[in-house]
Structures are given as C-alpha cells and as structure tokens.
Amino acid sequence: AESPVDRLMRSIDSSKTLQADFTQVSVDELGSPRHKATGVFYLQKPGKFRWDYAKPYKQQVITSNGKVWFYDVDLEQVTVKRMDKAIGSTPALLLTGQVSLKDNFTLEQQGEDEGITWVKLLPKGEESTFKYVTIGLQGDVLSGMELADNFGQLTRIYFSNVKSGGKLDPALFEFTAPKGVDVFEDQ
Amino acid sequence: CSWLWQPDAVMPGGAERERLRAVSGWVMEGRIAVRTPEDAWSANLEWRHGASEDRMDLNGPFAQRAATIRYSKNFISFESADGDRAESGDPEALLRERLGFAVPLEALRHWVLALPAPDQAFTPRRSSGGADVSADFDQAGWSLRYDGFMQEGQWTAPRKMVIQGRGVVLKLIVDRWRFDG
C-alpha cells in the first residue's frame, strides 16, 4: 500500500486548487492555549496562496509570483516581502509546492488517529525559522497542520469544508491596496 | 471569543490616567506596524510588563514567534526565530541594530498607557478647542497620539496609538489589556 509520506507528496502535487475554512489555535511553550483565529484559505498551484483571517481581526497573507503580501486591515499597512524572506510563510511554501519536500525536509510518518494520517517535516537547513511542521491528511484531503517554532510555541490549524479542484477567481491572488493604506515593498 | 471584546471607553481625564502608574504589572496583546526610513514591517505583539522585567514577543501571521525581547533598566536581550541572539547594556543600540529603529523602552512603558515618562519634561497637546480634552503629548522628541481607549475592569487604557519620532512611526493597536492588582 502507499506509504503516508508518498500519499502526502501525491496529494500536495495533485490538487491544482484548494479552498478550505480554517481554525488556528496557538499554544505557548507552557502548553496553555493563547490565540484562536478563524478564516478562509485558498490555494492555486503553482505558487498562489491566500490566507484570510476573519476573526478576531482581519489580516491577509497573499502569496503570488514569489512574493508575500501581508495586510493588517486595522493597522492599514501592507508589507511585501520575498517569500524566502517572509518569516512564517512556511504553510504557503509547503502547500503551494514551491519547495521540494524531499530536498528540504526529512519526512517522518506519525501514524494515524481519528482517520487522519500525520507526516512530520523536519527542515534540513540549520537556520530554519521553525522546528517542524506536521501535515494531516484524511484520505487525500488536507485536514490539519501543526507548526512548531524555535521558541516552543505551537500553532495548530484545523481545516474544514475542504474543496479541491474547483475554479478559483484569479483576483483572489492579486493584491490591490485599499485607498489610504500604505504599501511597503522590500527593495 | 468574548474576552477579546473590551468595551470602548471615553477618553479618561489626566487624573484617571495617572492612576495607571500604580499598576505593578500588565499584559498587552495587540499588533504593531513599524515604519522607518529604510524598512516597514508589522507583527502581532504580546508585551508582559512586570516590576523587574518587560518581555515582548513578536509573532508572525501563523502565530509563529519571530523574536523575543527582554528588557530591564539597562539591560536588553534579543532572540530571533532563526537563532540569532544578542544581549547588551545599551537597549537602544541593540534595538537599532536588530530591528532597524530605536525607541526609548523606559519611556515606551509609560507611553503605551497614555502616560508621559516620569521625571522628564513633556508638552501636552491642546486640541483645537484649547481644553485639556486630548491625552496626546510630546516628550523626548517623540509625539504621542491616542485614538481611542478601552475599559479593562477599573482601568482605562489606549486601544490605538501612533508614536512618532526620529523618522520612525509606530502604530499600535491593542486587542486586549490585562492589569494586575
């Protein structure tokens, strides 16, 4: 039978587009839950990714042609960074297939529970900005993610209403700054 | 979740703002946008103020820690996600080196509560009406503008502020205050 690692690779390579609702919960180094945020996530391969936080406040992370736009609606500020420079752009990098998993990570099977098979990705590089990412698949469908940063903080992301293969409006991945919002791009 | 919603409050008068000086410790969760002549970035900020130390965690969008700063009177330590660590007896020098801008942290502790730093001159800004209806003031070459307050128990503290000086603009939005004692 197909190993979980191969299934993960196939699943990430196969679905051309993906859309899902997400709930993100962060847990601090002492294990106490810190923040909960919810929103919608869109993915269009190759390389296009959009992560809309709706609650508790509106933030957008949009990735397209190698750049990451980060927009905080209340702060009225947009920063545009190269994807490899953008701290915390990990999920985008992994899910859009921009980064070859086998070249950059050691992949470990983490077994299956609640019908979800988990694969842990440990970065091979030294100065990685995170410790590991674990991706959970239900069948071929993305179900969960866990990101562990180098400070011992964990972020768990639970996906629901996952739709893959549908047509996504290209405008989702083009960022146009609303009036009065400052945009800053790295030179 | 409900704890995030702290009701808006009317701008407190000077005396009421001064009461905040008695608070020994607090935690502020919010977001900061930084603009310097060379760079701009924003982060989610969690600032824990205690009697002996301040700890500021800067997180990226997926709640991944980007950096942690620990500060006390004349000592600062900085640690970033990619393992860069530094300590110094000159907080402003280290901030300038690592974050690209320097702000007097000793004063900032008070500014975020809409309070001028003690034992330093400051100039309250009269709003156009001339009456003391504004909490804004200038101090040590920085201008402090407060755009909304929120209630947390018996305390009233800023919800949105712009701190500007030396070519640097800090915009801070507070999502939640928690005060000790």
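In this predicted model, strand 9 of chain A runs alongside strand 10 (residues 141–149) of chain A, and the two pair in the antiparallel sense over eight bridges. One of the links can be picked out by name: A:Phe130 has A:Asp149, in strand 10 of chain A, as its bridge partner.

That pair of strands belongs to a bigger arrangement in chain A, where 12 strands form an open sheet with mixed pairing. Reading across the sheet, the order is 7-8-9-10-11-1-2-3-4-5-6-12. At the edges stand strand 7 and strand 12 (182–185) of chain A; each has a single partner strand, so one side of each is left without a neighbour in the sheet. From one strand to the next, the twist averages 20°.

Back in strand 9 of chain A, A:Val133 is a handy residue to look at. A:Val133 is buried, and its relative accessible area comes out at 0%. What surrounds it? Neighbours within four places in sequence aside, A:Val133 is in contact with A:Thr90, A:Leu94, A:Val119, A:Lys120, A:Leu121, A:Met145, A:Glu146 and A:Leu147. As for A:Phe41, 92 residues separate it from A:Val133 in sequence, and the C-alpha to C-alpha separation in space is 18 Å.

Strand 9 also turns up in the surroundings of helix 1 of chain A. This helix covers residues 4–14, and its buried residues are A:Pro4, A:Val5, A:Arg7, A:Leu8, A:Met9, A:Ser11 and A:Ile12. An α-helix has 3.6 residues a turn, so residues three or four places apart point the same way. The cover over the buried residues of helix 1 includes helix 2 (90–95) and helix 3 (101–104) of chain A, together with strand 7 (105–113), strand 8 (116–123) and strand 9 (130–138) of that chain.

Then there is the meeting of the two chains. How many residues of chain B are in contact with chain A? There are 34, and they touch 37 residues of chain A. The area buried between chain B and chain A is about 3,000 Å², and carbon and sulfur atoms give 53% of that. Polar links show up here too, with 19 residue pairs in polar contact between chain B and chain A. Across this interface there are nine salt bridges. B:Arg31 and A:Asp74 form a salt bridge, with their closest N and O atoms 2.9 Å apart. On the side of chain B that touches chain A, the elements giving two or more residues are strand 2 (26–35), strand 3 (40–49), strand 4 (54–59), strand 5 (65–72), strand 6 (75–80) and strand 14 (168–179) of chain B.

Terms used. Residues are numbered from 1 along each chain as its sequence is written. Chains are lettered from A and ligands numbered from 1 in the order in which they are written. This is a predicted model: local features need pLDDT of at least 70, side-chain atom pairs count only at pLDDT 80 or more; totals for chains, interfaces and linings use all residues. Side-chain values use heavy atoms; hydrogens and water are left out. Buried means under 20% relative accessible area, exposed over 50%, partly exposed in between (1.4 Å probe, protein chains only). Helices (H or I, at least four residues) and strands (E, at least two) are DSSP runs, numbered from the N terminus. Contact means heavy atoms within 4.5 Å. Two strands pair if DSSP finds at least two bridges between them. Axes are lines fitted to C-alpha atoms, for helices over the stretch in contact, and angles run from 0 to 180 degrees between N-to-C directions. Buried area is the accessible area (1.4 Å probe) that two parts lose on being put together, summed over both. A salt bridge is a side-chain nitrogen of Lys or Arg within 4 Å of a carboxyl oxygen of Asp or Glu. A polar contact is a pair of N or O atoms within 3.5 Å; within protein, one must be able to donate a hydrogen and the other to accept it, and residues adjacent in sequence count only if both atoms are side-chain atoms.
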